[in-house]
Structure formats: structure tokens, C-alpha cells
Amino acid sequence: MGSLSFVVEANSSTRYMPISTPNTFHTVSPFLVKKLLTSCIGEIQNVKKLRSGDLLVQVDSNQASVISKFTNLGIFPVETSFHKALNVSRGILSNPDFIHATEAEFLEELHDQNVCAACRINIRRDGRLIPTQHVVLTFQTPVLPKSIKTEYINGKLRPCIPNPRRCFKCHRYGHSQQSCRGTDPVCGKCAESGHEINVCNSDTFKCRNCSDPHAASSKTCSTWIFEKEVIAVKMKRNITFPEARQIIKDRTLKVGVSYSSTVQMQPKIRNNTSEINSLQLPVSISLSTLPSKFFTSPTATPSIKNNSPKKSAQPTPSNSKTGIVKKFKTS
């Protein structure tokens, strides 16, 4: 069945709510779902069917309060809830003036600015702690504010980019251990299946993702760096994961292939009429009017002909006496 999906930019009043039914929405017409939702709460911002068969609706705050009381959607019994991750945003506040402020003070003083959680973090640069205070603030809105007013300090916020999610069973990125489809565990040290890292007897390291000599949890892994950049682009541009992944793939050079070699890998054009006709010449010239000598094989040596205008033939003066005698005799 098709899915209802269209992109609407989120704002401070946007709420994301999953709607589930016992028999899922896989066998329900999407046109019927849209009519039922429209008749109950009016026009909504976005509807998307998840892989599990549940619906993820994007509504405003007023519609969210109505949906939260739903027990039936037409003839379908439903359960609604607020999405735990999409309805919040996290930003990092960095300022040395907050060194002596506690997390409880942040929650108490910034409660009117939708701050629901605060957590201190340590940011290292070149192995040393940066001499300032970093606090991760969680806001009850999907759109992160650009700044926040803290008494007499107007602090700027930057997005908090989470680390890629890695499965502790197969050590692949993008899913958790609970949703892993693998049957046997994979070692995070030697990348062999059948045992875990705590019982591994191997002395060699091999990454499960990039095959380099390091553990699967290493942050120097090229796959980890790639997934981290995907999450950063996704959050900063507010786009989907497939779109962010394609952006990173387009701007990442292939391993072992330089830019110059990539350009040289373009198909070579042989000297024949069919391929020359497909080119865009700088001058509009019909190739059918050109003489056949322009399409000779590369081995043939083209003859160079002087195209300069011919000079008129001048009579060659004769200095011989016999020529002069013959001229007088004819006269």
C-alpha cells in the first residue's frame, strides 16, 4: 500500500505523534486514513507510515492535544503517544561563567524557555580540556533556538551532534542490539562471528566495518567518521538520513582513487562520425557538409595544403638570343 508523506518544515509548535493499531496500517488504504484524520482534526502537516505499520503524524500543538485523546480512528482502535526523540532538540551552551552553576539551577531558571534537561559534558581538544563550561540543554521543541537568555548573558547555542548508533551484537551502524537481525554475535576485536569481545583470545585487531587494524568501537574508524558526518549534515540542514548520506557520498573521494585519475577515467572518444556528431561544437557547422578528409583514420598523415590565394603567373623573361631572333622573324 502507498504511504502518505509530504515534507513540511518544522517549527516551535510542531509535534510528532505515532498512532498504532493492533492490525497495523499495512492493509489500510492511505486515502481512507487521510479522510479519517482530516475529518477528526482537520488538515495536518505530514503523515508517514513507518516500517512497523504505525503512522507518524506531524501536527501543531492544538491538534496534538486532540490526537492524544484518541481511542478510535473511525472503525480502527488506536493508541497515540508523543515521540520521544523527534519532539525535543539538544544544544550545547558554552561559557566560562557557568562553571559554578549547577544543573538544577539551569532547570529552575530556564524552565520558562522550554528547557527540560541539563547535562554537563567535557570537550577535549588535542588531549586537553578546553577551559570553559559546556552544558547540553534539552528543549521541549523540535527546533533548536539560536540563543538563550540566561540572566544577563545571552548565550549562543550550537547543535549537539550525537555519536552514530552502533549495534553491540553485529557492530554495524544504524540500529541497536534490540533490533538486530543477525543470528550469531560478532566480535568487536577480531571481527569473527560466534563469540563476543569479552571471550576473544585473538591478539590481532580487525574492524567489523572498515577492516582496519583497530577495534569496532574506535573513533578513528573511517566508517564511524562517515556516519558522524551524515548525522551532522542531517541535523544542521534538517533533512532526512538518505539525503544526508547522499550528500556525504558525493563529496567524499573514493579510497585509492585521486581526482585526476577520476577525470582520466572518462570514456575516450574515437575518431568516427557517429561520436563526433554527438559533441557540441563551439560553431554551428553541419558535419555532413565537411569533406571526407576530416574523418580519416588517426594513422593516416593528413596532407597540409597551402590555402593562401594564388598569385598571378608572371611571364618569365627570356635572355636567350634565339628567342629574340625568332621574334623579329615572325614580325
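How many bridges pair strand β7 (residues 89–94) with strand β13 (residues 153–159)? In this predicted model, the two strands pair in the antiparallel sense over 3 bridges. Two strands count as paired if DSSP finds at least two bridges between them. One bridge joins L93 to L157 in β13.

Residues are numbered from 1 along each chain as its sequence is written. Because the model is predicted, local features need pLDDT of at least 70, side-chain atom pairs count only at pLDDT 80 or more, and totals for chains, interfaces and linings use all residues, while side-chain values use heavy atoms, with hydrogens and water left out.

The protein chain contains 8 helices and 13 strands; helices (H or I, at least four residues) and strands (E, at least two) are DSSP runs, numbered from the N terminus. Of its 331 residues, 30% are buried, where buried means under 20% relative accessible area, exposed over 50%, and partly exposed in between (1.4 Å probe, protein chains only). Among contacts (heavy atoms within 4.5 Å) between residues at least 6 apart in sequence, 54% join residues at least 24 apart.

Strands β7 and β13 belong to an open sheet of 5 strands with antiparallel pairing, in the order β8-β11-β7-β13-β12. The edges are formed by β8 (115–121) and β12 (147–150), each of which has a single partner strand, so one side of each is left without a neighbour in the sheet. On average, neighbouring strands of this sheet are turned by 35 degrees against each other, direction ignored; axes are lines fitted to C-alpha atoms, for helices over the stretch in contact, and angles run from 0 to 180 degrees between N-to-C directions.

At one edge, β8 pairs with β11 (residues 134–139) in the antiparallel sense over 6 bridges, and I121 has H134 in β11 as its bridge partner. At the other edge, β12 and β13 pair in the antiparallel sense over 4 bridges, including the one between S147 and K156 in β13. A hairpin is formed by β12 and β13, with 2 residues between them, and E151 in the turn has a positive phi of about 55 degrees.

The count of disulfides, defined as pairs of cysteine sulfur atoms within 2.5 Å, comes to 0. The closest cysteine sulfur to that of C221 lies in C210, 3.5 Å away, which is too far for a bond. C221 is buried, because its relative accessible area is 0%, whereas C40 counts as partly exposed at 38% relative accessibility.
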